[in-house]
Amino acid sequence: MTPENPFPADPDRAAIWTMLVDRDITAYVRNEWTMVEADYVSASEFMSIDARTSSNPDSWRAGGNLAAYRDSWSAGSAELSAAVPADTLEAGLREVTTLRDIEIHEGNAVAHKKLDGTIRRRDGGVVHLNWQTLYLCRQDAGRWRIRGFIGRLPNPMGDRSGASHAKEVPAHATQHVTAGPYSPVLSVRADRLVVVSGQAAIMPDGSIVGDDVEEQTHLTLQNCRRQLAFAGCTLSDVVKVNAYLTDMATWDRFNSVYRSYMPEPCPVRTVVGAALLDGLLVEVEMWAVAR
């Protein structure tokens, strides 16, 4: 189902939303660049920046020209379409896409487009989508057009940018050399605690996704992150994690995924082997400090 345009009383923002969400998704699923070609300024004026999934601008790099972006856009469409049925892909992209923040000033605009969620593949697995793009737009010849963008930004920004002021590892704290991605002890300053119940690789319809611990850990941590966001927190605010594995032999594989999500200083953590609901390989609960 197509989401409603959130700017019904604002023609400019409504037009930008239609361009960046409605029209872009339809064209992407059909792999028809001609549907959106007129939404871009001339090739000589276009510029993009690749944030490389980093919150640190020092690591960002100049992106390709408009032709290179078109080719990348088309290749990405073809790859996703091969893995996901067209109707599922379009519904999924609309479900995981959010565009509510658009700043407009003297004929220029910055639009914050965010993706966060999963789409089910034909083979029963899921595609993980989590990033954001800042689109730079301008009014040109009576319509809004895209003059450039900063793409592959983390969502949310700052999630892995460093230590939270609400938590820190005490000076001289140490642990054994075989320790995983966790802190031995944290000093926490808390005005409000946020507690997330055990999350697992369960989709909104109640189905369990993932046949291996890596895939289930990805979706489990994304579900944790989503619950934290409801309370105004990110993974940077997490101070305590309890994780449960049906098979402790998957410890290293769980850690390899977990490490990619959790910013420093890592939360204190306990991992135990446990009997979980049928089909589940991992479950994670979190405690966080709201700032």
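Is Gln139 buried, partly exposed or exposed? Gln139 is partly exposed, with a relative accessible area of 43%; buried means under 20%, exposed over 50%, and partly exposed in between, using a 1.4 Å probe and protein chains only. The structure is a predicted model, in which local features need pLDDT of at least 70, side-chain atom pairs count only at pLDDT 80 or more, and totals for chains, interfaces and linings use all residues. Residues are numbered from 1 along each chain as its sequence is written, and side-chain values use heavy atoms, with hydrogens and water left out.

**Gln139 and the strands around it**

Gln139 is found in strand S5 (residues 126-140). Strands (E, at least two residues) and helices (H or I, at least four) are DSSP runs, numbered from the N terminus. Gln139 touches Asp12, Gly107 and Trp144, leaving aside residues up to four places away in sequence; contact means heavy atoms within 4.5 Å. With Asp12 there is also a polar contact between the two side chains, at 3.3 Å. A polar contact is a pair of N or O atoms within 3.5 Å; within protein, one must be able to donate a hydrogen and the other to accept it, and residues adjacent in sequence count only if both atoms are side-chain atoms. The C-alpha atoms of Gln139 and Trp287 are separated by 46 Å, with their positions 148 residues apart along the chain.

S4 and S5 pair in the antiparallel sense over 13 bridges, where pairing requires that DSSP finds at least two bridges between the strands. Asn108 stands opposite Arg138 in S5. The hairpin of S4 and S5 has 5 residues between the strands, and Gly124 there takes a positive phi near 95°. S5 is also joined to S6 by 8 bridges, again running antiparallel, and Asp140 stands opposite Arg143 in S6. That hairpin has 2 residues between the strands.

**Backbone exceptions**

Most residues other than glycine have a negative phi, and most peptide bonds are trans. Two non-glycine residues with positive phi are listed here.

| Residue | Phi | Loop | Relative accessible area |
|---|---|---|---|
| Glu106 | about 50° | between S3 (97-105) and S4 (108-120) | 70%, exposed |
| Ala141 | about 55° | between S5 and S6 (143-153) | 69%, exposed |

A cis peptide bond joins Glu264 and Pro265, with omega about -10°. Pro265 is placed in the loop between H5 and S11.

**Asp24 and the H1-H3 pair**

Asp24 lies in helix H1 (residues 11-30) and is buried, with a relative accessible area of 13%. Its contacts, not counting residues up to four places away in sequence, are Thr18, Met19, Val36, Trp73 and Lys113. The side chains of Asp24 and Lys113 make a polar contact at 3.1 Å.

The axes of H1 and helix H3 (residues 86-96) come within 10 Å and cross at roughly 155°. Axes are lines fitted to C-alpha atoms, for helices over the stretch in contact, and angles run from 0 to 180 degrees between N-to-C directions. H1 and H3 are therefore roughly antiparallel to each other; angles over 145 degrees count as such, those under 35 as roughly parallel, 65 to 115 as roughly perpendicular and the rest as oblique. The crossing of H1 and H3 is right-handed, that is, the near helix is turned clockwise from the far one by less than a right angle, with anticlockwise giving left-handed. On the H1 side the contact is made by Val21, Asp22, Ile25, Thr26, Tyr28 and Val29, and on the H3 side by Ala86, Leu89, Glu90, Leu93 and Arg94.

**The sheet of S9 to S12**

Four strands form an open sheet of mixed pairing, in the order S9-S12-S10-S11. Strand S9 (193-199) and strand S11 (268-273) stand at the edges with a single partner strand each, so one side of each has no neighbour in the sheet. Neighbouring strands are turned by 10° against each other on average, direction ignored. S9 is joined to strand S12 (residues 282-289) by 5 bridges, and the two run antiparallel. Val195 has Trp287 as its bridge partner in S12.

Helix H4 (residues 213-230) packs on the sheet and touches S9, strand S10 (238-245) and S12, its direction making about 30° with that of S12. Helix H5 (residues 251-261) lies across S10, S11 and S12, running at about 145° to S11. The axes of H4 and H5 come within 9 Å and cross at roughly 35°, and this crossing is right-handed. Among the residues that meet are Val213, Glu214 and Leu221 in H4, and Phe254, Val257 and Tyr261 in H5.
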